[in-house]
Amino acid sequence: MHIRTADQFPHQVVREDLWIPLPDGKYLYARVWRPVTDEPVPVLLEYLPYRLSDWTAPRDAQRHPWYAGHGYASVRVDVRGHGNSEGLPGDEYDETELADGEAVIAWLADRPWSSGRVGMFGISWGGFNSLQLAARAPEALKAIVTVCSADDRYDNDVHYMGGSVLAVDMHAWASTMLAFVSRPPDPAQVGEGWREMWQRRLEAVDPFIHTWLGHQSRDAYWRQGSVCEDYSTVKAAVLAVGGWHDPYRDTVLRLVEHLPRESGAPVRGLIGPWSHQYPDRGLPPGPAIGFLQETLRWWDKWLKPEERTAAPAGEKDVMDEPLLRSWISESHPPATVYPQLAGRWVGDGAWPSPAVAMTPYELPGSGPVLVRSPQQTGVDAGRFFPFGNDSDLPPDQREEDGRSVCFDSGALEGRVEVLGRPRVRLRITSDVPRGQVVARVCDVAPDGSSTLVTRGVLNLAARHGRDQVVEWEPGTTEDVTFELNGIGHAFPPGHRIRLALSSAYWPWIWPQPGSEAGWVLDPGASTLELPVRDPAADAGSPPIRFAEPEQAEPLGVRYPEPENQRPERVVVRDVAAGEWRLEVDPRYGGTRVYPDGLEFTEDALESYVVHEGDPLSASAHSAWEIRLRRPDLGWDARVTTRSRLRADGADFIAVNEVRCEDGDEEVFHRVWERRIPRTAG
């Protein structure tokens, strides 16, 4: 899709880098784009640890100047201990980060160029802390746009899924953050003291994996920062945005359900076909939308003076939009990337929607069925965080279906539109105390191809609640119920709806000891429930439309072609040994050369190994290489990290290593080895 580059705005724009003081005397590094005007203007804040002077600079250049050109001061701030900000790094979304965020909001509201009204936006980490700061209700924060974020830090983030350890992303993201937090400040911004700052930070580093695995059930650690604990604390207007190919999309459904009724906070939800990206970037799957224009409507409504919040003549008021606008994808053949998906936008004025009915589908068969999957089940799961790369999405599921127990509907006589979170009710008998249930819903075409629609997981020890660990009494039978991730999808006539059940899902889910035994399902007492939407619900409603994508001028970063680029995703099978290895290049950025001369190179490789018959053979590995170089300053800094996670029946065993160099001189080297008891995972 064509993305328009805007070079003319209602206001001229000026940019300034500055330091924001905190109550404890530290300073956070910030970049401010402001409109040229004598009038004070509202302020927009994006606040995250990903280094505004390099890592997010290309993305920042697309949106912050655009907002400034439309009459807002748009501000990008690095979290304490990251980028060029002072202080020491902490855990994600910790109390210090959020308290600093409140101080930043108050400081911005008090600037002479500020109207005193602040909005906050962000994707992923920035979307998380936007939502969490809204729950702290600082006086100046009037509205937020939270994209690809979560209201539940335990069960809807990168750590756990259905009470099970997320092997694929807990370890990968902890390893990524270990590399990220070890990067040095830039001497071009902080001066000669950069190395002393760097060494102080490095001495404070502790791998996140230690903390995250130290809390394997939903305890007070995860409740802190989880907005779902009390939605009524949110007072700001919330525009919640997600994508059906992003793991956080269920948060949008929960926010539009709970915020209006419980807190009175104005809220609207928007879910498109997108991956873990801003919806205007044009990355697969599309279609992209004019997201900046859509958010401008939100800011104008809530951040402009009261007499200016009415929509301009001929334009619909943003609060007259449906509570939830969702994309329903048409059936599509399986593929690992879709530049564009066919589908349509639908609107629901309430959630749960009266147009959606939970419809039960009985499972064929009446006798008991053993579900005992080989441990490599899941190698075709795709990426937990799709970013729009060529191999991100799940391929044809026929091989995965063959490693699972499948229940198919008959060929559909009519179209079935699904919108929301499917649910399974299963009667299970288990002879072992630990295990997991994985449920996938697939769209099976007449040619037999199987497209993954959605999935869900339950750690059987968490069946009575994610905050409890209740082992299964061997030999007993229980009914368990859990939801799958939300989806908008249309099954056409002639296709079949498939429920695939497995007892393993590596490397998404870390296997439980003894889980190779599987469990027994009673199909006659089990059902799949689909949220079926009435396709006639939109009759008479105006069509939902968005402007074409538009952004500010690109930053002008060069991306040299790598000399020897490895494949993004490779599965290697040792047939004789029964071992499977998945190798993943996450493709975060490669080499970039910035207009100011900075050369930034990063290379990462993740690998996941398991023996098809042994859950204790599972191991995850991550290797990172980062180089930052300024030839004009003679600056050449390198970061190397290595991380490995494995487990025996009693403990997780984590080994992490960081090595940092200034030119040819090693300035830091440390190895952490930690055994962490397996309490729930």
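Let's start in the loop between α3 (125–136) and β7 (141–147), where Ala 137 has its place. This is a predicted model, and in it Ala 137 has a positive phi of about 55° even though it isn't a glycine. That's worth a pause: most residues other than glycine have a negative phi. As for its surroundings, Ala 137 is partly exposed, with a relative accessible area of 37%.

Follow the chain through β7 and you come to the loop between β7 and β8, the place of Cys 148. Here again a residue other than glycine has a positive phi, this time near 50°. Is Cys 148 buried or exposed? Its relative accessible area is 1%, and since anything under 20% counts as buried, Cys 148 is buried.

Next up is helix α4, which covers residues 167–181. Its 15 residues reach 21 Å from the first C-alpha to the last, close to the 21 Å expected at 1.5 Å a residue. How many of the residues of α4 are buried? The count is 15 of the 15, so the helix is largely enclosed by the rest of the structure.

Now for the empty spaces. Rolling a probe the size of a water molecule over the atoms shows where empty space is left. In this model there are six cavities of 30 Å³ or more, and the largest has a volume of about 130 Å³. It is lined by 14 residues, and the closest to its centre are Val 168, Asp 169, Ala 172, Arg 383 and Glu 606. Two elements, α4 and β30 (599–611), give two or more residues to this lining. Helix α4 turns up here as the one that gives the most, with five residues. Sorted by kind, the lining of the largest cavity has nine nonpolar residues, one polar and four charged.

There are pockets to look at too. The second largest pocket has a volume of about 720 Å³. Of its 47 lining residues, Met 161, Arg 249, Thr 454, Arg 455 and Asn 485 are the closest to its centre. Several elements each supply at least two residues of the lining: β8 (160–161), α9 (250–262), β20, β21 (476–483) and β22 (487–491). Which of them gives the most? That would be β20, with eight residues. The lining of this pocket divides into 20 nonpolar, 13 polar and 14 charged residues.

Strand β20 also leads us to a sheet. It is an open one of four strands, in the order β16-β23-β19-β20, with antiparallel pairing. Why do β16 (405–408) and β20 (450–459) each have one side without a neighbour in the sheet? They stand at the edges, each with a single partner strand, so there is nothing in the sheet on the other side. On average, neighbouring strands here are turned by 20° against each other, direction ignored. Elsewhere in the sheet, seven bridges join β19 (residues 436–444) to β23 (residues 496–502). Across that pairing, Asp 443 stands opposite Ile 497 in β23.

Two peptide bonds round off the tour. Most peptide bonds are trans. The one from Trp 351 to Pro 352, however, is cis, with omega near 0°, and Pro 352 lies in the loop between β13 (343–348) and β14 (356–362). Trp 506 and Pro 507 are also joined by a cis peptide bond, with omega about 10°. Look for Pro 507 in the loop between β23 and β24 (519–521).

Technical notes:
Residues are numbered from 1 along each chain as its sequence is written. This is a predicted model: local features need pLDDT of at least 70, side-chain atom pairs count only at pLDDT 80 or more; totals for chains, interfaces and linings use all residues. Side-chain values use heavy atoms; hydrogens and water are left out. Two strands pair if DSSP finds at least two bridges between them. Axes are lines fitted to C-alpha atoms, for helices over the stretch in contact, and angles run from 0 to 180 degrees between N-to-C directions. On a 1 Å grid over the protein atoms alone, a cavity is a set of points where a 1.4 Å probe fits but cannot get out, and a pocket is an open set with protein on both sides within 12 Å along at least five of seven lines; lining residues have an atom within 4 Å of a point. Grid points are joined across faces, edges and corners, and a volume is the space filled by probe spheres set on the points. Ala, Val, Leu, Ile, Met, Phe, Trp, Tyr, Cys and Pro count as nonpolar, Asp, Glu, Lys and Arg as charged, and the others, Gly among them, as polar. The expected span of a helix is 1.5 Å times one less than its number of residues. Buried means under 20% relative accessible area, exposed over 50%, partly exposed in between (1.4 Å probe, protein chains only).
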